[in-house]
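Subject: Structure for you, with notes on its sheet and helices

Dear colleague,

I am passing on the structure we spoke of, and I would be glad if you could keep it open while you read. My notes come after it.

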Amino acid sequence: MDTKFRVETWPEGVISLPPDAALMQQFKRQGNFNVKMPVPVMRAMVHLATRFMTHRLYKGTFRHRYQKMNGEGGEIGMRIVRPDTDEVLPAVLYFHGGGGMLTDSSSYLRVMKNIAYHAHAAVAGVDYRRAPEAPYPAGLSDAVAALQWMYDKAGKYGFDPKRISIAGDSAGGNLAAGLALRNLHGARLPIYRQILINARVTHRQHFPSISKYAEGYGLTRTAMDYFEGKYFRDPSDAAGSYASPLSAPDLRGLPPALVITSEYDPLRDEGEAYAAALHSAGVPVQAVRFAGMAHTMVVFGATKPAATYCLQLIKGCM
């Protein structure tokens, strides 16, 4: 049996493509992310772009509710979207991106509906606390509470407790990966899958893709440094395993993983390094690199074929 780790590609067998023209045109229009804007203005701009530029790749009707739950720092909002059915469904606990300080679950409504439709699953988006008002580890503490809530309320909301997965993109992918590790060391709830999309998995190591794609591809090195400076109270917080899962000494026992990366994403190399580390630890993992795509692939800016294939991969995890 071939046990060598491989990163798959989409389109299959295509190692590289020119940067997607639609993405590049969008980046040209919006320019570099301006970290000098007030945080409320940044939040509003990214919210609008994320919510309304994400492709609508779903049909039919959904049941949609907004639920509050108690967390360590107060109430946590949970936006639950599911197909309009009384079936008990697999569930995805989803953590939105945004550098740990931008967007919320409402920004990701189309993303959540896309997943719910294609995976025929209930999707719960977490409004975890954000920096700079609530820096790390506030968001991770909320993630821990949200996962416990999913299991406690599975019967009430029609979640299959044997098929509850966690997922996230970018900073949300960092939360999902950190949560999987924290859960392994704590409650040990049976997470079915972890789905990491263009995720930040280390704040300690710097891989070539961070420098190679530092400008001109949506997410910039300047923006990442800005987010990190707001997200952590102290640089030493970034070094811990829950903030930088790639640095964890032991990854054995983590849930099976789907790791999605994009060719022109500064975070590409660390995501693939994490997939390889999971594989070396005996964790079942599928890693797929999207040729021609950039960091914003999952939300606004992805081509429909790329977004559709990404959703099919998530469906395969259910």
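What follows is a description of the sheet, its strand pairings and the helices packed on or beside it.

Please keep in mind that this is a predicted model.

The sheet is open and has 9 strands, which are arranged in the order β1-β9-β8-β7-β6-β4-β5-β3-β2, and the pairing within it is mixed. The edge positions are taken by β1 and β2 (62-71), each of which has a single partner strand, so one side of each is left without a neighbour in the sheet. From one strand to the next the twist averages 20°.

Starting from the β1 edge, strand β1 (residues 7-10) runs parallel to strand β9 (residues 285-290), and the two are joined by 4 bridges; within this pairing, threonine 9 has arginine 289 of β9 as its bridge partner. On the other pairing of β9, strand β8 (residues 257-262) is also parallel to β9, here over 6 bridges. Two positions may help you to find the register of that pairing: alanine 257 has valine 285 in β9 as its bridge partner, and isoleucine 260 stands opposite valine 288 in β9. The connection between these strands involves helix α9 (residues 268-280), which together with β8 and β9 makes up a β-α-β unit that is right-handed.

At the β2 edge, β2 and β3 form a hairpin in which 2 residues lie between the strands. These two strands run antiparallel and are joined by 10 bridges, and one position to look at is lysine 68, which stands opposite glycine 77 in β3.

Two helices that pack on the sheet deserve a look. Helix α4 (residues 138-152) touches β2, β3 (74-83), β4 (89-95), β5 (122-127) and β6 (159-169), and its direction makes about 155° with that of β6. Helix α10, for its part, lies across β1, β7 (194-197), β8 and β9, and runs at about 175° to β9.

Each of these helices also packs against another helix. In the case of α4, the partner is helix α6 (residues 171-185): the two axes come within 10 Å and cross at roughly 65°, and the crossing is right-handed. The contact brings Gly139, Leu140, Ala143, Val144 and Leu147 of α4 together with Leu175, Gly178, Leu179, Arg182 and Asn183 of α6. By class, the residues of this contact divide into 6 nonpolar, 3 polar and 1 charged.

In the case of α10 (residues 304-316), the partner is helix α3 (residues 109-119), with the axes 9 Å apart and a packing angle of about 55°. Because angles of 65 to 115 degrees would count as roughly perpendicular and those under 35 degrees as roughly parallel, α3 and α10 are therefore oblique to each other. Their crossing is right-handed. On the α3 side the contact consists of Asn114, Ile115, His118 and Ala119, which meet Leu311, Gln312, Ile314 and Lys315 in α10. The contact of α3 with α10 has 4 nonpolar, 3 polar and 1 charged residues.

With best regards

Conventions
Residues are numbered from 1 along each chain as its sequence is written. This is a predicted model: local features need pLDDT of at least 70, side-chain atom pairs count only at pLDDT 80 or more; totals for chains, interfaces and linings use all residues. Side-chain values use heavy atoms; hydrogens and water are left out. Two strands pair if DSSP finds at least two bridges between them. A crossover is right-handed if, with the strands pointing away from the viewer, the path from the first strand over the helix to the second runs clockwise. Axes are lines fitted to C-alpha atoms, for helices over the stretch in contact, and angles run from 0 to 180 degrees between N-to-C directions. Angles under 35 degrees count as roughly parallel, over 145 as roughly antiparallel, 65 to 115 as roughly perpendicular and the rest as oblique. A crossing is left-handed if the near helix is turned anticlockwise from the far one by less than a right angle, and right-handed if clockwise. Contact means heavy atoms within 4.5 Å. Ala, Val, Leu, Ile, Met, Phe, Trp, Tyr, Cys and Pro count as nonpolar, Asp, Glu, Lys and Arg as charged, and the others, Gly among them, as polar.
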